Amino acid sequence: MPSLRRRAREAPVAGGDVVAPDLPWALGPLLRDGAAPLVARAVSGERLDVALVLGPGQATVRDAGIPGELVAALAAEGLDVRVVAEDSVVEAAGADVVLAAGWPAAPAVLTLAGVRARA
């Protein structure tokens with residue numbers, strides 16, 4: 001097995017300043033303000049309501065790398081599962097649990113106000 005070597009520190013650019021890495025625009029408000037607080041409230045009905053939030057540019061759960069069979073299996077176990085596009089994330093706030101379909105969807109889920117639980 002090859003050994004892994006530690007990368008050297010970033011070399012200073014002309015003028016002595018270290019170049020900061022690019023930050024995805026969606027992370028800016030999350031890093032500045034932090035995650036929205038969770039809201040303590042009872043489960044909305046007899047069945048657990050789960051909202052699966054897709055990331056930007058993802059139209060289906062398969063685009064997010066999630067097998068469609070997983071959503072069907074969750075529904076078969078008695079969960080109400082709905083898929084929400086990232087630009088419609090406010091619709092997910094009333095769900096019992098809001099799930100991010102991967103890292104691209106995480107900033108939208110973490111900054112969503114009025115959420116009972118998230119993952």
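Let's start at Leu52, which stands opposite Leu99 in strand E3. Strands like E3 are DSSP runs of E with at least two residues, helices are runs of H or I with at least four, and both are numbered from the N terminus. Two strands count as paired if DSSP finds at least two bridges between them. Strand E1 covers residues 48-53, and four bridges link E1 with E3 in the parallel sense.

Before I go on, a word on where this comes from. The model is predicted, so local features need pLDDT of at least 70 and side-chain atom pairs count only at pLDDT 80 or more, while totals for chains, interfaces and linings use all residues. Residues are numbered from 1 along each chain as its sequence is written, and side-chain values use heavy atoms, leaving out hydrogens and water.

Now, what does E1 do with E2? The two run parallel and are joined by six bridges. Within this pair, Ala51 stands opposite Arg82 in E2. To get from E1 to E2 the chain passes through H2, a β-α-β crossover that is right-handed. That word means that, with the strands pointing away from the viewer, the path from the first strand over the helix to the second runs clockwise.

Let's put the strands together. In which order do they sit in the sheet? The order is E2-E1-E3, in an open sheet of three strands with parallel pairing. Why is one side of E2 and of E3 left without a neighbour in the sheet? Strand E2 (79-84) and strand E3 (97-100) stand at the edges and each has a single partner strand, so one side of each has no neighbour there. On average, neighbouring strands are turned by 25 degrees against each other, direction ignored. For angles, axes are lines fitted to C-alpha atoms, for helices over the stretch in contact, and angles run from 0 to 180 degrees between N-to-C directions.

Helix H2, residues 68-76, lies across E1 and E2 and runs at about 150 degrees to E2.

Next, find Ala64 in the loop between E1 and H2. Leaving aside residues up to four places away in sequence, Ala64 touches Leu54, Gln58 and Ala101; contact here means heavy atoms within 4.5 Å. Ala64 and Pro104 are 40 residues apart in sequence, yet their C-alpha atoms are 8.8 Å apart in space.

Finally, the whole chain. There are three helices and three strands, and along the sequence they follow the pattern α-β-α-β-β-α. Of the 119 residues, 26% are buried, meaning under 20% relative accessible area (1.4 Å probe, protein chains only).

Key: Buried < 20%, exposed > 50% of the residue type's maximum accessible area, 1.4 Å probe, protein only.
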